[in-house]
Amino acid sequence: MKKLLLLPFVLVLAACTTTESVQPWERGQLARTDMAWNTDPLHNAMREHVYTSKEGASGGLSTGGGGCGCY
Amino acid sequence: MMLKRLRRIRLHLLLILPMLLGSISFGLQAAPAPDFTLPRLDGSESVSLASLRGKVVYVDFWASWCAPCTVALPEMDKVRRDLHARGFEVIAINLDESEADAIRFLQRMNLSYPIVTDPAKSTPTAYKIAGMPTAFLIDRRGELHSTHAGFRPGDSAKLRLTIEQLLQETP
């Protein structure tokens, strides 16, 4: 019975997967200003500087997200 | 025992050798640039890569939302204006989802080279571009010479040197 209940769960989970990836030319919407984590790069740099100074560490702050994915 | 091990190693080497040779020949082979015929963004006649055989061609993939493209387009226009008479041409392939965005963007620039559009996006697939902007330099024989990924201010100076070298070659 448990195995039977597990089956739809696995099927739903499998439906979440995709083989399609966003192509470089399909990132127009992601490149919009309102899609960025932080729209002010100067403010972002200042905040990172304060944070790393307080923590006595640097690096590892950036993470992947929105944006145009340009080189 | 030792002889057996040596034989096994020899067998492994024999299996690896064709793969190594294959990769070497692949690296040396000059690949012909995938041909295309695309309509101009302004609706006038189409542009085909084959018709530019004998010229050094810079094929640039761009979009209006791509920040480095805004640097590349005017810089390459300057190079094109200087070297066009010697046989250099630029084709800028627009990949915007909305053509109106591209047209609005181009109104701010005065570009001399053909701007084409590829609504089916078959060209970026054929050229296997991995990011924006990506440009390909094609020599007079129609073969891919090099790829230029991204664009920073001043990159056109380095590109100009390569283009001038390619222009000296005979088709």
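Select β4 and β5 of chain B: the two strands pair in the parallel sense over 3 bridges. The model on screen is predicted. For one register point on this pair, pick B:N94, whose bridge partner in β5(B) is B:T117. Now add helix α3 of chain B, residues 99-106. Together, β4(B), α3(B) and β5(B) form a right-handed β-α-β unit.

**Widen to the sheet**

Show all the strands of this sheet in chain B. The sheet is open and has 5 strands, in the order β5-β4-β3-β6-β7. Its pairing is mixed. Colour the edges next. They are β5, residues 115-117, and β7, residues 144-149, both of chain B. Each of these edge strands pairs on one side only. Ignoring direction, neighbouring strands are turned by 20 degrees against each other on average.

**β4 and its partner β3**

Go back to β4(B). Is this strand mostly covered or mostly open? It is mostly covered, with 6 of its 7 residues buried. Now select β3 of chain B, residues 56-62, alongside β4, residues 88-94. These two pair in the parallel sense over 7 bridges. Two register points are worth labelling. B:Y58 has B:V90 as its bridge partner in β4(B). Then label B:D60, whose bridge partner in β4(B) is B:A92. Trace the chain from β3(B) to β4(B): the path goes through α2(B), and this β-α-β crossover is right-handed.

Stay with that helix. Select α2 of chain B, residues 67-83. Which strands does α2(B) touch as it packs on the sheet? It touches β3 and β4 of chain B. The direction of α2(B) makes about 165 degrees with that of β3(B).

**The antiparallel side**

Keep β3(B) selected and add β6 of chain B, residues 134-138. The sense changes here: β3(B) and β6(B) run antiparallel, joined by 5 bridges. Label B:F61 and look across to B:T134 in β6(B), which stands opposite.

Step on to β7(B). β6(B) and β7(B) are joined by 5 bridges and also run antiparallel. Here B:F136 stands opposite B:T147 in β7(B). Follow the hairpin between these strands, where 5 residues separate β6(B) from β7(B). Select B:G142 in this hairpin and check its backbone: it takes a positive phi near 85 degrees.

**Over to chain A**

Hide chain B for a moment and select chain A. What secondary structure is there? Chain A has 2 helices and 0 strands. Of its 71 residues, 7% are buried.

Pick helix α2 of chain A, residues 41-55. This helix has 15 residues and reaches 21 Å from its first C-alpha to its last. That is close to the 21 Å expected at 1.5 Å a residue. Why does α2(A) lie largely in the open? The number of buried residues among its 15 is 0, so the helix is largely in the open. A residue counts as buried here if 20 or more other C-beta atoms lie within 10 Å of its own. Just after the helix, select A:G56, which takes a positive phi of about 70 degrees.

**Last stop: where the chains meet**

Bring chain B back and select the contacts between the chains. How many residues of each chain take part? There are 16 residues of chain B in contact with 8 residues of chain A. Colour the chain B side by class: 11 of its residues are nonpolar, 2 are polar and 3 are charged.

Key
Residues numbered from 1 in each chain as written. Chains lettered and ligands numbered in written order. Predicted model: local features only at pLDDT ≥ 70, side-chain atom pairs only at ≥ 80, totals over all residues. Pairing = 2+ DSSP bridges. Helix = DSSP H or I, 4+ residues; strand = E, 2+ residues; numbered from the N terminus. Axes fitted to C-alpha atoms, helices over the stretch in contact; angles between N-to-C directions. Contact = placed C-beta atoms within 7 Å. Nonpolar A, V, L, I, M, F, W, Y, C, P; charged D, E, K, R; others polar. Buried ≥ 20, exposed ≤ 12 C-beta atoms within 10 Å, placed from the backbone. Expected span 1.5 Å × (residues − 1). Right-handed = clockwise from strand over helix to strand, strands pointing away.
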